[in-house]
Amino acid sequence: VKAFMKSNCPRVALTTNCWTSVQNLSYMTFIAHFIDDNWKYKKWIIIFSLMANHKGEMIWKKIKEVLKE
């Protein structure tokens, strides 16, 4: 994924989505959205993570970890 993103995706939009399960567990996804070389819309889930909570500080910490990786 890293190599593909570096070589083929000069423009990528990143989004997050957070929710709480019926078991009261917090989850977050981090998704990359882009147009490929054939002009097809693509979206890849970069992470699907269990979170301690959905507070802004926790979300930002996870986003920084993912972007550094």
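**Contacts, overall form and the setting of S26**

In the protein chain, 32% of the contacts with a separation of 6 or more are made by residues 24 or more positions apart; a contact here is a pair with heavy atoms within 4.5 Å. The model is a predicted one, where local features need pLDDT of at least 70 and side-chain atom pairs count only at pLDDT 80 or more, while totals for chains, interfaces and linings use all residues. Residues are numbered from 1 along each chain as its sequence is written, and side-chain values use heavy atoms, with hydrogens and water left out.

The protein chain holds two helices and three strands, lined up from the N terminus as α-β-β-β-α. With a radius of gyration of 14 Å, well over the 11 Å that the globule rule gives for 69 residues, the chain is more spread out than a compact globule. (That radius is taken over C-alpha atoms, and the rule is 2.2 Å times the number of residues to the power 0.38; helices, H or I, need at least four residues and strands, E, at least two, both being DSSP runs numbered from the N terminus.) Along the principal axes, the C-alpha atoms fill a box of roughly 40 × 25 × 15 Å.

As for burial, 28% of the 69 residues count as buried, meaning under 20% relative accessible area with a 1.4 Å probe and protein chains only. S26, at 11% relative accessibility, counts as buried too. This serine sits in strand 2, which covers residues 26-35. Leaving aside neighbours within four places in sequence, S26 touches W19 and T20, plus S49, L50, M51, A52, N53 and H54.

Note on methods
Buried means under 20% relative accessible area, exposed over 50%, partly exposed in between (1.4 Å probe, protein chains only).
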